[in-house]
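Visitor: Please take one part of this model and go through it closely. I would like to know how it packs and what its side chains do.

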Amino acid sequence: MADSKPSKKASASKKGASTPKKAGSPARKKKAAAPTGKKAAAAGIKRERIALVAGARSPFTRSWTTLNDVSPVELSTQVVRELLHRNDVHPDWVDHIVWGTVVSVPSSPNVGREVALNLGMYRTPGVTVTRACATGFQAVATAAEMIWAGQASCVVAGGVDVTSAAPVT
């Protein structure tokens with residue numbers, strides 16, 4: 001779960017920046033992209049710090065064993081419910097749920113949204129991301145980007161993979 005205050009938007013550009021003039025062509029002004037990372041710090045652009053404030057996980061087992069009959073959505077719902085409960089976070093405080101899966105679940109293509117619905121968070125948007133073995137990290141990175149952009153101040157991010165439910169033979 002990531003939490004932060006909305007950040008102020010800032011951009012920087014160099015006045016009069018242009019591409020080198022070629023013989024016989026008029027000078028065109030080049031738009032400068034907003035700097036990021038060390039370049040942003042050098043330009044004086046500050047972003048609010050974002051903190052991961054809590055974590056939770058489900059038990060894991062080998063494929064086709066103990067959790068074989070538990071759907072990825074139900075497993076995710078249980079983890080998010082427990083995360084919110086342990087940290088006294090009211091579901092209305094959550095602005096967004098971002099969930100990752102390596103193998104898309106055919107019966108539940110948007111696990112993030114289904115988790116929100118299962119928890120009665122009908123006004124909370126949910127999205128599912130996929131990035132091979134880095135889906136959990138991508139979910140957290142997407143949550144951080146939402147906070148930096150001022151789209152959210154509290155985001156639940158995580159991931160689930162139940163290979164027993166994968167349509168692989």
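Guide: The model is predicted. A starting point is Ile97, which touches Gly112, Val115, Ala116, Met121, Thr124, Pro125, Gly126, Val127 and Val156, leaving aside residues up to four places away in sequence. Ile97 is also among the residues with the most contacts inside the largest nonpolar core, together with Val80, Leu84, Val94, Trp99, Met121 and Val156. That core has 18 residues. Two or more of them come from each of α2 (72-86), β3 (96-100), α3 (111-118) and β5 (154-159), and α2 gives the largest share, five residues. Apart from this core lies another, of nine residues, including Val98, Val129, Val155 and Ala157.

The helix α2 deserves the closer look. Its 15 residues should span 21 Å at 1.5 Å a residue, and the end C-alpha atoms are 21 Å apart, so the two values agree. Pro72, Val73, Leu75, Ser76, Thr77, Val79, Val80, Leu83 and Leu84 are the buried residues of α2. These buried residues pack against β3, α3 and β5.

Towards the end of the sequence range of α2 comes a salt bridge between Arg86 and Glu82, with the closest N and O atoms 3.1 Å apart. The two residues are about one helical turn apart, because four positions separate them in α2. Arg86 is exposed, as its relative accessible area is 51%, whereas Glu82, at 33%, counts as partly exposed. The count of salt bridges comes to one. Just after α2, Asp88 takes a positive phi of about 50 degrees.

Conventions:
Residues are numbered from 1 along each chain as its sequence is written. This is a predicted model: local features need pLDDT of at least 70, side-chain atom pairs count only at pLDDT 80 or more; totals for chains, interfaces and linings use all residues. Side-chain values use heavy atoms; hydrogens and water are left out. A nonpolar core is a set of buried Ala, Val, Leu, Ile, Met, Phe, Trp, Tyr and Cys residues joined through side-chain atoms within 4.5 Å. Buried means under 20% relative accessible area, exposed over 50%, partly exposed in between (1.4 Å probe, protein chains only). Contact means heavy atoms within 4.5 Å. The expected span of a helix is 1.5 Å times one less than its number of residues. A salt bridge is a side-chain nitrogen of Lys or Arg within 4 Å of a carboxyl oxygen of Asp or Glu.
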